[in-house]
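Me: Hey, I've got a protein open on my screen and could use some company going through it. Can we start with its surface?

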Amino acid sequence: HPDNTLFSIVSGIVYNKTKTEILYIPKVFPDEITIPGTINTLPERLFEWNTNITTVTIEEGFKSIPDYLFLACENLTTVNIPASVDDISLVAFDFCYNLKTVNIDKANTTYSSYGPLILSDNGSFLELCLQSAVDVVVPETVTELPGDVFIVCDKIRSVTFLSSTPPIIDSFYDGLTFGDITQCQVFVPEGSESDYASSYSLDPTIINTGQIPTGITTITHIADKHKSRLTFHNGRIIISKEGDKYSLYGTKIM
């Protein structure tokens with residue numbers, strides 16, 4: 001009851017009245033979860049293996065997303081993160097194969113999102129790529145990334161780098177590793193192929209430039225060059241041209 005002076009409940013979780021302490025955790029959660037901003041953090045693995053959860057909204061005030069918080073939440077598709085979050089564990093979303101959207105408040109000074117990517121340091125460091133990613137575009141702002149940032153992305157089919165200078169790989173890694181390089185193509189600006197190949201220890205034959213493999217003639221991320229436009233939808237790159245829409249591989253989808 002709302003007039004109860006001792007307890008409160010949000011998304012099935014029982015808190016104290018001020019929602020600063022968890023008192024009871026249910027075995028089954030609803031499909032849409034709200035995490036109150038009054039609690040700074042949650043126990044590791046709190047939602048792990050929960051197949052009900054589809055959407056998580058974290059309220060302003062919440063600070064830290066711990067290890068494996070959403071481990072193997074197979075039906076999780078959307079997470080909304082407020083400006084107050086200043087720590088996101090790199091393994092918080094492990095095995096969330098259908099997580100396509102992480103919306104980070106634009107007022108957040110620690111993190112930002114770009115398609116299926118989570119960035120930090122004003123967009124200069126690529127922290128995480130969601131495991132559901134298929135076609136990835138790495139923006140020009142990224143100057144550094146871990147060598148294993150794409151290793152868990154089993155569905156990935158293309159990575160397009162917009163910068164002519166390869167982002168630096170963390171010194172812990174010798175090269176850039178993909179979950180399955182045989183199905184992933186790498187696209188880079190023309191003239192930078194050899195730099196990317198040597199910087200990331202990649203076979204030059206898998207690096208593409210100029211012609212993107214679509215049913216459309218060569219395009220760039222500059223919208224008016226060939227009257228084409230790149231947009232994101234559910235973690236995929238959609239190419240719009242003359243009123244039609246195509247996947248990155250040339251399939252007309254709309």
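Reply: Sure! One term to begin with: accessible areas here come from the Shrake-Rupley method with a 1.4 Å probe. Also keep in mind that this is a predicted model.

Me: Got it. How much accessible surface does the protein have?

Reply: About 12600 Å², and carbon and sulfur atoms account for 51% of that.

Me: And what share of the residues is buried?

Reply: The protein has 254 residues, and 44% of them count as buried.

Me: What's the secondary structure like?

Reply: There are 21 strands and one helix.

Me: Back to the surface. Which residues gather in a patch of negative charge?

Reply: Four residues form that surface patch: Glu-44, Asp-67, Asp-86 and Asp-87.

Me: Let's pick Asp-86. Where is it?

Reply: Asp-86 sits in the loop that links β7 (78–81) to β8 (87–88).

Me: Why does Asp-86 count as partly exposed?

Reply: Because its relative accessibility is 41%, and partly exposed covers the range between under 20% (buried) and over 50% (exposed).

Me: New topic: Gly-147. Is it buried or exposed?

Reply: Gly-147 is buried, since its relative accessible area is 0%. You'll find Gly-147 in a loop too, between β14 (144–145) and β15 (158–161).

Me: What does Gly-147 touch, leaving out residues up to four places away in sequence?

Reply: Its contacts are Ile-169, Tyr-173, Gly-175, Leu-176 and Thr-177.

Me: And how far apart are Gly-147 and Phe-172?

Reply: They are 25 residues apart in sequence, and their C-alpha atoms are 8.0 Å apart in space.

Conventions. Residues are numbered from 1 along each chain as its sequence is written. This is a predicted model: local features need pLDDT of at least 70, side-chain atom pairs count only at pLDDT 80 or more; totals for chains, interfaces and linings use all residues. Side-chain values use heavy atoms; hydrogens and water are left out. Patches are made of residues with over 30% relative accessible area and no salt bridge: like charges are joined within 9 Å, nonpolar side chains (Val, Leu, Ile, Met, Phe, Trp, Tyr) within 5 Å. A salt bridge is a side-chain nitrogen of Lys or Arg within 4 Å of a carboxyl oxygen of Asp or Glu. Lys and Arg count as positive and Asp and Glu as negative; His and the chain ends are not counted. The place of a charge is taken as NZ of Lys, CZ of Arg, CG of Asp or CD of Glu. Helices (H or I, at least four residues) and strands (E, at least two) are DSSP runs, numbered from the N terminus. Buried means under 20% relative accessible area, exposed over 50%, partly exposed in between (1.4 Å probe, protein chains only). Contact means heavy atoms within 4.5 Å.
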